[in-house]
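Colleague: Could you take me through the salt bridges in this protein, please? I would like a close look at that one part, with enough of the overall fold to place it.

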Amino acid sequence: MNARPFLSDLLWPLSLLYGAGVDARVRMYLNGWLKQKRLKAAVISIGNLSVGGTGKTPMVIWLAERFLVQGKRVAILSRGYRGSEGSSDEVQLMKFRLQNRVAFGVGKNRFAEGKRLEAERAVDIFLLDDGFQHVELARDLDILLLDASRPMRGEPLLPAGRLREPLSAMSRANVVVFTRTEVVPGAPEAVEKLAHFPVFAATTRLLGFRRHGGGIALESAAEISGGPFFAFCGIGNPEAFFQDLQTWGLGICGRAVFGDHHRYTEQDVLRIKKAGAKDGAKAFITTEKDAQNLSGLTFEGLPLFISVIDMAVSPEADFLSILDRLLAAKIGAAA
């Protein structure tokens with residue numbers, strides 16, 4: 001007997017209550033019954049409709065890089081999910097990649113964090129990380145990410161399924177980006193046919209690997225030896241990571257999966273190393289997000305490599321042009 005459909009059916013009444021609550025809350029803000037709070041600078045929200053990884057963090061980094069090139073002063077607002085002391089694994093990852101070129105406001109009250117940053121410095125653009133459901137903060141642009149490798153048609157709402165909102169909530173988005181289209185045959189072509197509002201395809205791109213405990217220098221797949229590798233991760237979509245490793249041509253002899261945002265302990269490292277030795281691994285490999293949760297821990301003996309990825313949006317020029325145009329129109333209308 002498959003326990004998952006049974007559990008989903010059991011939780012279905014709770015999903016109905018959850019959906020009604022979410023819908024009522026969104027309607028109260030959108031109809032003005034509850035007042036949205038607005039920051040002075042432009043706000044771009046990056047979010048999704050489901051739990052689990054859809055590429056929000058890579059998209060936030062990608063957008064920050066593009067706006068920095070344009071000379072914009074960028075700040076990132078994040079809840080810091082499952083973090084502590086004003087940070088989280090994802091925030092630390094973004095800080096590492098962006099190297100102090102942007103400001104960060106981390107906390108449950110994103111409006112208060114944004115006001116604090118505006119009082120401290122000039123900000124042109126706020127990137128609201130995981131902001132699609134954070135409707136109490138007004139935004140000038142909503143970018144919605146959907147994972148093309150994990151279809152959501154027929155997927156129930158939480159807690160019976162993965163959806164945080166029904167698919168009809170897509171209508172609130174200004175731009176939709178289907179991520180991981182490289183693993184779905186025909187996905188980029190299908191996305192191009194969805195012309196009723198701006199829809200784009202995005203792929204995951206390998207930049208290289210860095211050594212755990214080392215600097216920011218990257219090595220190519222060919223440079224980190226032929227393996228085999230023992231792979232492990234604690235992210236929202238672990239299968240996506242393992243599939244990427246296969247796409248990149250890395251020989252994987254074993255794997256271990258931990259819960260999303262898992263904070264590793266010495267005991268975890270010992271178990272991973274033991275499993276790797278049993279499977280004949282010559283090295284270990286994990287994600288950038290997991291590297292933040294390995295802080296202070298070492299892998300003695302065999303090396304641990306961290307995969308560094310980027311996002312490629314196609315066509316990039318059209319995507320950026322639409323963002324600029326929609327953002328200008330929104331800001332002009334609000335002036």
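Modeller: Happy to! Let me start with a term: two residues are in contact when heavy atoms of theirs lie within 4.5 Å. This is a predicted model, and in it 74% of the contacts with a separation of 6 or more are between residues 24 or more positions apart. The fold has 9 helices and 11 strands. Its radius of gyration is 21 Å, close to the 20 Å that the globule rule gives for 335 residues, so the protein is as compact as a globular protein of that length. Along the principal axes, the C-alpha atoms fill a box of roughly 60 × 55 × 40 Å, and 49% of the 335 residues count as buried.

Now to the charges. There are 42 positive and 36 negative side chains, and the centres of the two sets lie 4 Å apart. Counting a side-chain nitrogen of Lys or Arg within 4 Å of a carboxyl oxygen of Asp or Glu, the protein has 22 salt bridges.

Helix α4 is a good place to begin. Within this helix, residues 110–120, E120 and R116 sit 4 residues apart, about one turn of the helix. Their salt bridge has its closest N and O atoms 3.3 Å apart. Both partners are partly exposed: E120 has 47% relative accessibility, and R116 has 32%. The pair also belongs to a network of salt bridges that links E113, R116, E120 and R121.

K289 and D260 also form a salt bridge, with 2.6 Å from N to O. This pair links distant parts of the chain, 29 residues apart: K289 is in helix α8 (residues 288–292), while D260 is in the loop between β9 (252–257) and α7 (266–278). Buried means under 20% relative accessible area, so K289, with 11%, is buried. D260, at 26% relative accessibility, counts as partly exposed.

The helix that follows that loop, α7, has a salt bridge of its own, where the side chains of R271 and D268 meet at 2.5 Å, N to O. Because R271 and D268 are 3 residues apart in helix α7, about one helical turn separates them. D268 has 3% relative accessibility, so this residue counts as buried.

To put the pairs side by side, E120 and R116 lie in one helix, as do R271 and D268, whereas K289 and D260 link distant parts of the chain.

Definitions and conventions:
Residues numbered from 1 in each chain as written. Predicted model: local features only at pLDDT ≥ 70, side-chain atom pairs only at ≥ 80, totals over all residues. Heavy atoms only, no water. Helix = DSSP H or I, 4+ residues; strand = E, 2+ residues; numbered from the N terminus. Rg over C-alpha atoms; globule rule 2.2 N^0.38 Å. Buried < 20%, exposed > 50% of the residue type's maximum accessible area, 1.4 Å probe, protein only. Lys, Arg positive; Asp, Glu negative; His and termini not counted. Charge placed at Lys NZ, Arg CZ, Asp CG, Glu CD.
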